[in-house]
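Open the model in your viewer and get your selection tool ready. We'll go from stop to stop, and at each one I'll tell you what to select and what to look for.

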Amino acid sequence: MDDDLLSSEASELQPSFLGSTVEFWSSISSSSSKKKKGRHSGRAGARKQFLKATVEGIGNVAIFDNLQSLPDLDTAFDNFKEVYVRYDETEEVDHLRAEEYYHFAERDHVCLDYSGFGLFSQSQQFTEQASSSSFGLAYVSANLLVHTLYGMAAEGTLEFDIQRRIMKYMNISESDYIMVFTTSRSSAYKILAESYPFGAYSRLLTVYDYQSEAMSLMVASAKQRGAKTLTANFKWPSLQISARDLRHKLQDRRHRKEPRRKGLFVFPVQSRVTGAKYSYQWMSQAQANDWNVLLDASALGPKDMDALGLSLFRPEFIVTSFYKVFGADPTGFGCLFIKKSAIQSLQNSNQPRGVGIVRIVPNPENPQHAPTERSRGSKSKIVSEIQEEGEEGEDDSDEFYLDADGVNQVRSFSGPVSELYLQDDQTFVSHKAASSSRKEKEIAGFGASASDGSDQLVCRGLDHADSQGLNKTNLRLRYLINWLVISLLKLCHPSQGEEEGSPLVHIYGPEVKYDRGGSVAFNIFDRTGALVNPGLVQRLADRNNISLGLGTLCNIVYPDRPIHLLDSGVLEPGFNLDTKMEGKSGNDEQDWPSRIPVVTAALGFVSNFEDVYRLWIFVAQFLDADFVYREGWRYYSLNQEMVF
C-alpha cells in the first residue's frame, strides 16, 4: 500500500493521531475479544445442552435390572433420535453402508474392534472395479535414513499416487513432510527408534494409558542405546493425564553438557482404548522445552486431522495405519510421516536389514509371483523368519513380497478362534519375488508405474469419509458412543432385599462427554462384585457376531489403594473399585495395580445405531446369572475349548 494511501486512511480515522487511533485499535481489540467470548460461550452452551439431553433424555427409567425391561430396537432408536435430533443429518452414511459396505448386513456382523483408516469399500472387492482396490507390498532392504534420502517413490508410480491421496486425506503438506510405508504401525515405531539419535543423555517420554506392543518396541530400542524412558501418569478414575507430573517431566532441567534436544515425546492425542482426548497444547509445551514430537494419529476419527492444525503444532514425526476394508479385511500398512527439516537428525541404523519399510506395488498377475512353498506356513512363522534373517545380517539380495490380498481373511481382528486380538497390529503373509531386476528398481525408488498394466488405485473408503467432512463424522460418532456409554451405565443387577443392586458395567476413563473419542473401555461384574474375565466376554460376544477388542490399562496413579491385589500387579477378579485400603496411607506404589485388563469397543466411520444397540443387549444378558454357564458350554460344543 502507498504511503499516500496510508496517510489518507489515517486522516479519515483520526483528527488526532495519539487520541482517536488508540481508541480505534482499542475498539477493534474489544470487538475481537467479544467475538472470541461469544464463540467460547456458544461452545460451552452446546456442551451443556448435549450433556443434559444425553443424561436426561435417554430412557424414562433410571436403571435396567432385567432383560424384559429393555426396549426393542425400534423403540430405542426412536428415543435416540428424539434426543439427538441432528442424527438424521448423517443418514447418507447409512446409505453408504447399505450400498458399499453390505457385508455387515449379509453376515449379521457388528464390528467394534477396528482402529485406523479404511482405504476401500467392500463393493470394490467384488465388482469390475476390483483391480482398483488391489495392491501388494514389497519389502525394502534399507534403513530409514537411506530410504528417505534415496528411495522415495517416483512420480507416476502406484506408490506415489496412493501416497499423495493419503497425505491429502490426512491434511499433511507434501512440501513439509515425506511419507514412508511400513508393514504395520509397530514397524513404524521400530524403524524410527532404530534411526532416532537416542543416546546416554536423551530421553523417550510416552503418553499411553494402555499397554502397546508398538510402544514396547520403541522403548526397548531406546533403552538398548542408553536412553532413559519415561511415561506420563493417568489419574484415577478419570484417566486424564496427570498434568503436574507430565509438565515436570517435560521441563526437567539436566546437566549443561547434555545436548539441546532432550529426546522424543510420543503423544497420541487420544487413547485408542478409553477414548480419552488430550490437549494439543502438550505438543507445543514439549517443543518449547526442546523435545522432538512424534504424533500418534492412529486413534483419531475419520477426519480429525482436519481440526488438528498441523500448521500450528508441526510435529517432527507422525505415525498412523490404514487397513483395506472396515469390518472385512484388516490387512494394510503403517505410515510414518517425517518432517523434512527433521530428516537430518536421523542416523544410519546398525540394523539395515531390519524388516519394516515396504513399497506399494501393483498386484502381480504373472505366475512367477505366486507364493513359494516357504510362504504357505503360518503368518507368524513367515514374519519371524524374515526378522531373524534381518537380525543376522544375511544375504542382502533377498526381497520378500508381502501380498496384501493373499492373507487368509478373518471376520475381523478378533475372529472366532483367532489369536489376532492379542496383537497390536496386523502382520502379513510374505513370499520372495522372482524378478531381481524389478527388485533393484523398486529398492532404488523406481517401482512399476501405475499405468504399466495395472488400474489406478481408487480409495473409495477415504472418498466416503471426505464426502461427509469433519462435522458430520464427529456428530455421528459423538451421539453413538455417548448413547452406548450411558446405556451401559444404566444396567444394574437386581436389588437384594434392602440393598440396591450393584452396577453390571464399569466404564474406565471418560463417561458421558461431549469431547471424547469413539472408543470405550469397560468390564462386566457379576452380582457378587466379581470381575467377569474380559477374554470370556470377548469370546461370548463373538458367538453373538459382535467383534470386540481387549486391552490392558496401565500407568495409573490412585488417590487411595484398591483392595485385593495380586502379586503380579493385576487386580484380582473379585476387587471392588469403590473400596479403599483401611488404616494405610496409600503412598506405596507397590500396592497399586499396575495393569487392568479391559474389554474395548471402537466405533468406525460406518457404525450405526443398531451396532451399539446390539452390544448393549449382549452386555445386558450378563444380568442373567446363568448366561455365562449356558454360553460357555455352547462354545465348548462348537469349538471343543473351554472358555470359563
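What percentage of the 644 residues in the protein do buried residues make up? Keep that in mind while you take in the whole thing. This is a predicted model, and buried residues make up 53% of its 644 residues. Switch to a cartoon view and you'll have 20 helices and 21 strands to look through. The chain also brings distant parts of its sequence together: among contacts between residues at least 6 apart in sequence, 79% join residues at least 24 apart.

**Stop 1: two helices side by side**

Select residues 460-489, which is helix α17, and then residues 609-620, which is helix α19. Their axes come within 10 Å and cross at roughly 15°. Angles under 35 degrees count as roughly parallel, so α17 and α19 are roughly parallel to each other. The crossing here is right-handed.

Now show side chains where they touch. From α17, pick L480, W483, L484, S487 and L488; from α19, pick F609, V612, Y613, L615, W616 and V619. What kinds of residue make up this contact: nonpolar, polar or charged? There are 10 nonpolar residues, 1 polar and no charged ones.

**Stop 2: another partner for α17**

Keep α17 selected and add helix α4, residues 91-100. The axes of α4 and α17 also come within 10 Å, and they cross at roughly 150°. Angles over 145 degrees count as roughly antiparallel, so that's the label for α4 and α17. This crossing is left-handed.

On the α4 side, select E92, V93, D94, L96 and E100; on the α17 side, select R460, H464, S467, Q468 and R476. Try sorting them by type. This contact divides into 2 nonpolar, 3 polar and 5 charged residues.

**Stop 3: an enclosed helix**

Next, select residues 534-543, helix α18. Is α18 largely enclosed or largely exposed? Turn on the surface and look: 9 of the 10 residues of α18 are buried, so the helix is largely enclosed by the rest of the structure. The buried ones are P534, G535, L536, V537, Q538, R539, L540, A541 and D542.

Check both ends as well. At the N-terminal end, N533 acts as a cap, with a side-chain oxygen 2.7 Å from the backbone nitrogen of G535. Past the other end, N545 follows α18 and has a positive phi, near 60°.

**Stop 4: R614 and its reach**

Go back to α19 and select R614, which is found in that helix. Buried means under 20% relative accessible area, so R614, at 19%, counts as buried. Which residues is R614 in contact with, leaving aside its neighbours within four places in sequence? They are D108, H109, V110, N544, N545 and I546.

Zoom in on N544. R614 and N544 are 70 residues apart along the chain, yet their C-alpha atoms are separated by 9.2 Å. The side chain of R614 reaches the backbone oxygen of N544 at 3.5 Å.

**Stop 5: backbone oddities**

Some background before you click: most residues other than glycine have a negative phi, and most peptide bonds are trans.

Select W236 and P237. The peptide bond joining them is cis, with omega about 5°. P237 is found in the loop between β7 (234-235) and β8 (240-241).

L239 has its place in the loop between β7 and β8 too. Is the phi of L239 positive or negative? It's positive, about 60°, although L239 is not a glycine. L239 is buried as well, with a relative accessible area of 0%.

Then jump to D290, in the loop between α12 and β10 (291-296). D290 also has a positive phi, near 70°, and D290 is buried, with a relative accessible area of 17%.

**Stop 6: a buried threonine**

Last one: select T274, in the loop between β9 (263-267) and α12 (281-288). T274 is buried, with a relative accessible area of 0%. Leaving aside neighbours within four places in sequence, T274 is in contact with D209, L239, Y508, P510, R516, S519, V520, A521 and L553. You've met one of those before: L239, the residue with the positive phi of about 60°.

Terms used. Residues numbered from 1 in each chain as written. Predicted model: local features only at pLDDT ≥ 70, side-chain atom pairs only at ≥ 80, totals over all residues. Heavy atoms only, no water. Axes fitted to C-alpha atoms, helices over the stretch in contact; angles between N-to-C directions. Helix = DSSP H or I, 4+ residues; strand = E, 2+ residues; numbered from the N terminus. Parallel < 35°, antiparallel > 145°, perpendicular 65-115°, else oblique. Left-handed = near helix turned anticlockwise from the far one by under 90°. Contact = heavy atoms within 4.5 Å. Nonpolar A, V, L, I, M, F, W, Y, C, P; charged D, E, K, R; others polar. Buried < 20%, exposed > 50% of the residue type's maximum accessible area, 1.4 Å probe, protein only. Polar contact = N/O pair within 3.5 Å; in protein donor to acceptor, adjacent residues only side chain to side chain.
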